[in-house]
Amino acid sequence: MSTACDSFAQNAGLMNPQATMIKSNGGAPVPIVSIGMPVYNGAKYIREALDSLLAQTFSDFELIISDNASKDDTAKICQAYAKKDSRIRFVSQSLNQGALANFQYVLDQSRGTFFMWAAADDKWDRHWVQSIYTHIKDKPGVAGFGRLIHVDAKSAALDHTANDAVLSFVGGRLVRSLAFYLAFEGRGKANLFYALYSRQMLRHANLRDRKFDYQILFGLVAYLSYAQVGDARLFKRLHGESDGVAAASIWRSPVVLAPWRLLRSDLTVASHYLQGARLGMRCLLTILMPLKVLVAIRCQVAQFLSHRLGRLRRA
């Protein structure tokens with residue numbers, strides 16, 4: 001999901017009952033927080049991800065890793081970590097069931113009062129869980145997120161317009177929903193998927209009927225607020241396999257075609273929000289669609305100009 005989970009387009013079936021549980025803490029006390037890490041072919045970065053989670057100052061958590069029949073060394077790496085840390089439950093799926101089912105699987109296996117998904121190529125501040133848990137522990141209708149910092153394949157900081165973006169959606173239900181709808185996707189809002197949630201609130205998460213993370217979040221924002229905790233940082237990795245890297249390719253189109261491809265892309269994204277919305281909300285979103293597209297184009301042009309100017313300064 002490197003626009004967090006941009007492509008939930010795969011099979012939404014149940015996970016394979018033949019999956020192998022490598023490590024289980026079944027008799028252990030129920031943890032406060034459950035962390036779910038679905039992964040497929042994540043060997044290149046998963047060590048860094050696991051190291052940063054296991055080093056959290058908040059230690060009362062379980063980490064559920066579901067390997068979706070990877071073809072690299074993901075399973076071998078995870079098995080080694082599971083043997084060293086009893087908080088890890090590692091599950092090896094014998095068949096790849098698709099990304100969506102894997103995200104659902106780790107949620108279904110969780111036991112904690114709070115839950116967060118974790119990408120196998122990201123990293124977190126040592127106090128990420130502690131800071132956000134402290135902020136939301138008495139607010140079941142609030143999901144907590146920190147600051148977003150983009151890094152490259154070598155963990156070096158990237159100059160990205162979504163860095164330190166305000167990712168907070170509060171207020172009444174309609175206010176939150178419309179604010180989320182109008183917010184430009186390129187400013188990082190899809191990363192709220194990796195917020196810390198009250199696990200009970202995630203019963204409203206419709207993973208099975210949606211293809212994109214922002215669709216799932218749009219459904220959730222009708223039931224909860226997203227609060228930003230300023231002193232916690234998520235290091236979101238952009239690399240050659242990331243969906244976020246591919247998103248910039250539209251600007252490499254011929255000058256005559258780029259604006260039209262941009263408009264088509266923005267209209268397509270806007271239309272995704274209408275899917276599954278109730279009639280009244282669907283009508284309202286349709287009325288606001290020109291404004292949403294205008295906001296998106298304005299942000300994209302600003303990003304493009306900023307990128308070009310940056311290249312000129314470095315030349």
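**Start with the cysteines**

The count of disulfides in this predicted model comes to 0. A disulfide, for orientation, is a covalent bond that joins the sulfur atoms of two cysteines. Now select Cys 283 and Cys 299. Is each of them buried or partly exposed? Cys 283 has a relative accessible area of 41%, so Cys 283 is partly exposed. Cys 299, at 17% relative accessibility, counts as buried, because buried means under 20%.

**Zoom out to the whole chain**

Show the protein chain as a cartoon. You should find 9 helices and 9 strands. The chain has 315 residues, and buried residues make up 50% of them. Take the contacts with a separation of 6 or more: residues 24 or more positions apart account for 80% of these. You will meet several such partners from separate parts of the chain along the way.

**Strand E7 and its sheet**

Next, select residues 142–151, which form strand E7. E7 is mostly covered, with 9 of its 10 residues buried. Add residues 225–237, strand E9, and you will see a parallel pairing with E7 over 9 bridges. Two places are good for checking this pairing by eye:

- Val 142 has Ser 225 in E9 as its bridge partner.
- Leu 148 stands opposite Leu 234 in E9.

Which strands make up the open sheet here, and in what order? The order is E6-E9-E7, a sheet of 3 strands with mixed pairing. Strand E6 (123–124) and E7 stand at the edges with a single partner strand each, so one side of each has no neighbour in the sheet. While the sheet is on screen, remember that side chains in a regular strand alternate between the two faces of the sheet.

**Rings that meet**

Now display the aromatic side chains. The structure holds 14 aromatic pairs. Begin with Phe 114 and Tyr 133: the ring centres are 5.4 Å apart and the planes stand at 85 degrees, so this pair is edge-to-face. Phe 114 lies in strand E5 (residues 114–117) and Tyr 133 in helix H4 (residues 128–136), so the pair ties together parts 19 residues apart in sequence. Both Phe 114 and Tyr 133 are buried.

Stay with H4 and select Trp 128 together with Phe 145. These two form an edge-to-face pair, 5.4 Å centre to centre, with 90 degrees between the planes. Trp 128 belongs to helix H4 and Phe 145 to strand E7, so parts 17 residues apart in sequence are tied together by the pair. How accessible is Trp 128? Its relative accessibility is 0%, so Trp 128 counts as buried. Phe 145 is also at 0% and counts as buried.

For a bigger group of rings, select Phe 103, Phe 115, Trp 117, Phe 193 and Tyr 194, which ring pairs link into a cluster.

**Into the nonpolar core**

In soluble globular proteins, nonpolar side chains tend to be buried together. Here, the largest nonpolar core has 81 residues. Which members touch the most other members? They are Met 37, Leu 63, Trp 117 and Tyr 226.

Select Tyr 226 and display what surrounds it. Leaving aside residues up to four places away in sequence, Tyr 226 touches several residues, including Ala 143, Phe 169, Tyr 197, Leu 217 and Leu 220.

Leu 217 and Leu 220 lead you to the next stop, helix H6 (residues 213–220). There, 7 of the 8 residues are buried, so H6 is largely enclosed by the rest of the structure. Among the buried ones are Asp 213, Tyr 214, Ile 216 and Phe 218.

**A buried polar contact**

Move to strand E3 (residues 61–67) and pick out Ser 66. Ser 66 has a relative accessible area of 0%, so this residue is buried. What does its side chain meet? The side chain of Ser 66 makes a polar contact with the side chain of Gln 93, at 3.1 Å.

**Last stop: a loop**

Finish at Thr 161, in the loop between strand E7 and helix H5 (173–182). With a relative accessible area of 30%, Thr 161 is partly exposed. Beyond residues up to four places away in sequence, Thr 161 touches Gly 186, Arg 187 and Gln 303. Try a distance from Thr 161 to Ala 302 too: they are 141 residues apart in sequence, and 9.5 Å apart in space from C-alpha to C-alpha.

Notes: Residues are numbered from 1 along each chain as its sequence is written. This is a predicted model: local features need pLDDT of at least 70, side-chain atom pairs count only at pLDDT 80 or more; totals for chains, interfaces and linings use all residues. Side-chain values use heavy atoms; hydrogens and water are left out. Helices (H or I, at least four residues) and strands (E, at least two) are DSSP runs, numbered from the N terminus. Buried means under 20% relative accessible area, exposed over 50%, partly exposed in between (1.4 Å probe, protein chains only). Contact means heavy atoms within 4.5 Å. A disulfide is a pair of cysteine sulfur atoms within 2.5 Å. A nonpolar core is a set of buried Ala, Val, Leu, Ile, Met, Phe, Trp, Tyr and Cys residues joined through side-chain atoms within 4.5 Å. A polar contact is a pair of N or O atoms within 3.5 Å; within protein, one must be able to donate a hydrogen and the other to accept it, and residues adjacent in sequence count only if both atoms are side-chain atoms. Two strands pair if DSSP finds at least two bridges between them. Rings of Phe, Tyr and Trp (its six-membered ring) pair if their centres lie within 6.5 Å; planes under 30 degrees apart count as stacked, over 60 as edge-to-face and the rest as tilted.
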